[in-house]
Amino acid sequence: MKILILGAGQVGGTLAENLANEANDITVVDNDSARLRELQDRLDIRTMHGRASYPTVLRQAGAEDAEMVIAVTNSDETNMVACQVSKLLYKTPTTICRVRAGAYLAKPALFYNRDTVKDLDSLRGFPIDVLISPEHLVTQHITRLIEYPGALQVLEFSKGLTRLVAIQAIEGGPLVGQELSYLRTHMPKIETRVAAIFRKDRAIMPQGDTVIEDGDEVFFIAASDHIRSVMSELQPLEKPYKRIFICGGGNIGYRLANTLEDRYQVKILERDHERCVMLSERLRKSVVLEGSATNKDILLEENIENTDVFCAVTNDDDANIMASMLAKRLGARRVFTLINNPDYVDLIQGGDIDVAISPQQTTIGSLLTHVRRGDVVNVHALRRGAAEAIEAIAHGDHRSSKVVGKRLDEIKLPPGTTIGAIVRHNEVLIAHDHLRVQPDDHLILFLVDKTRIREVEKLFQVGLTFF
């Protein structure tokens, strides 16, 4: 696929790396020549220096025959205009745009819906096929972690019917020290499947006789109603969270407080006075505090030792890390830290900081959903992009499809790939060898080695006999 990526920042660079490794024809456009050189030294891609919204720059970058334009510069305005130029002048089939500002997102009439527009000449609004809001995605991610105390990652499939959860096995959980086959004996009425186990960063493909060890990072899939029951098998079940302390009143902090304040006791700390005034006017139940989260006295005055979750979500990685470490040592039960620099993520998670949240990885998964071949409706990047979970729809019949009509044990999956569940007519079927795939089934797959993604995509591409 020929793809233009507009913006060579953290998201653009990470996306280019993901897609270039999968043999796509990638061109990255940015006005930072040093950043472009750095990317070109590492990756097999083309680069174009210039402003991404200029028609001449887009044409020189190859917009006339590009199949997709992904606009992820640091400017919402540049992203929106670039998509408009690509669609109107160069008839780009798919435009994907990152928009951060709530002022734009609150006005859906600004963006057209390609399903209802038949003629480009009659367009009203910015011609953006897919709108990506990192702040919205990060808020969803943190909210799910708060809903499931103890989880490291919670991923949603089939509109919430089933979820894939990452959790650390802790001594005291009934399954720790036992073979996986014991789970079915111990919980005969709960359907679940362990998709993968990571032990000291080494992937283990689970078998019935695989023994769960203390410290293992376990990925399991289950119907949403059964998630808590399975979590209780892998670690002592934590009490539900009640008190949430948010450090940073920017876009993410505000969205998070607004989402949580009806169900939890929320405090939000922001150092800018004018922003505090705005937060106090817009938030209904949250307590708004003015000051710095690295100020020990403020945290002690606000009873940080009784806080269930401390979320550091400012735009400054160093401030987030320092505030989180301080809060943890003062007694906060669990600490979530937003980290923009991907090199920091592996360094800090697991010590004083319980969960490091990367906006880039959260956003990349959403972007990859629209790049994958075959009918892929959900993609989640896992383990800092090394692994991937996807939801793909099976089409065709037994003659035209490599999966339809076959039992799960008959499907030739690439090494390191497992099928976790099938969603059929809003019913979750946990994967067992005897299950036979039917047309329009949603299959949820886990790839330990994401370099195998092309082989998985080919499984779900319908042969010509179908047409």
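Biologist: What makes β4 and β5 a pair of strands?

Modeller: Two strands pair if DSSP finds at least two bridges between them. Strand β4 (residues 68-71) and strand β5 (residues 94-98) have four bridges, in the parallel sense, so they pass the rule of at least two. Methionine 68, for instance, has threonine 94 in β5 as its bridge partner. By the way, this is a predicted model: local features need pLDDT of at least 70, side-chain atom pairs count only at pLDDT 80 or more, and totals for chains, interfaces and linings use all residues. Residues are numbered from 1 along each chain as its sequence is written, and side-chain values use heavy atoms, with hydrogens and water left out.

Biologist: And what gets something called a strand or a helix?

Modeller: DSSP runs, numbered from the N terminus: a helix is H or I over at least four residues, a strand is E over at least two. Counted that way, the protein chain has 15 helices and 22 strands.

Biologist: Which order do the strands of the open sheet with β4 and β5 follow?

Modeller: That sheet of six strands runs β3-β2-β1-β4-β5-β6, with parallel pairing. Its edge strands are β3 (46-49) and β6 (130-132), each pairing on one side only. Ignoring direction, neighbouring strands there are turned by 15° against each other on average.

Biologist: How do you know how helix α4 is oriented against β5?

Modeller: You fit lines to C-alpha atoms (for helices, over the stretch in contact) and take the angle between N-to-C directions, from 0 to 180 degrees. Helix α4 (residues 76-90) lies across β1, β4 and β5 and comes out at about 175° to β5. Helix α1 (residues 10-20) lies across β1 (2-6), β2 (25-30), β4 and β5, at about 165° to β1.

Biologist: There's another open sheet, ordered β14-β13-β12-β15-β16-β17. Why do β14 and β17 count as its edges?

Modeller: β14 (287-290) and β17 (355-357) each have a single partner strand, so one side of each has no neighbour in the sheet. The twist from one strand to the next averages 20°. Further in, β12 (243-247) and β15 (309-312) pair in the parallel sense over four bridges, with isoleucine 246 facing cysteine 311 of β15 as bridge partner.

Biologist: What does helix α12 touch?

Modeller: Helix α12 (residues 317-329) packs on the sheet and touches β12, β15 and β16 (334-338). Contact means heavy atoms within 4.5 Å.

Biologist: Why is aspartate 354 called buried?

Modeller: Buried means under 20% relative accessible area, exposed over 50%, and partly exposed in between (1.4 Å probe, protein chains only). Aspartate 354 has 16% relative accessibility, so it counts as buried. Aspartate 354 sits in the loop between α13 (342-348) and β17. In the protein chain, 55% of the 467 residues are buried.

Biologist: What makes the pair of aspartate 354 and lysine 328 a polar contact?

Modeller: The rule wants N or O atoms within 3.5 Å; within protein, one must be able to donate a hydrogen and the other to accept it, and residues adjacent in sequence count only if both atoms are side-chain atoms. The side chains of aspartate 354 and lysine 328 are joined at 2.9 Å. A polar atom of the aspartate 354 side chain also lies 2.7 Å from the backbone nitrogen of valine 335.

Biologist: How do you know whether the chain agrees with a compact globule?

Modeller: Take the radius of gyration over C-alpha atoms and set it against 2.2 Å times the number of residues to the power 0.38. For 467 residues a compact globule would be near 23 Å, and the protein chain has 23 Å, so the two agree.
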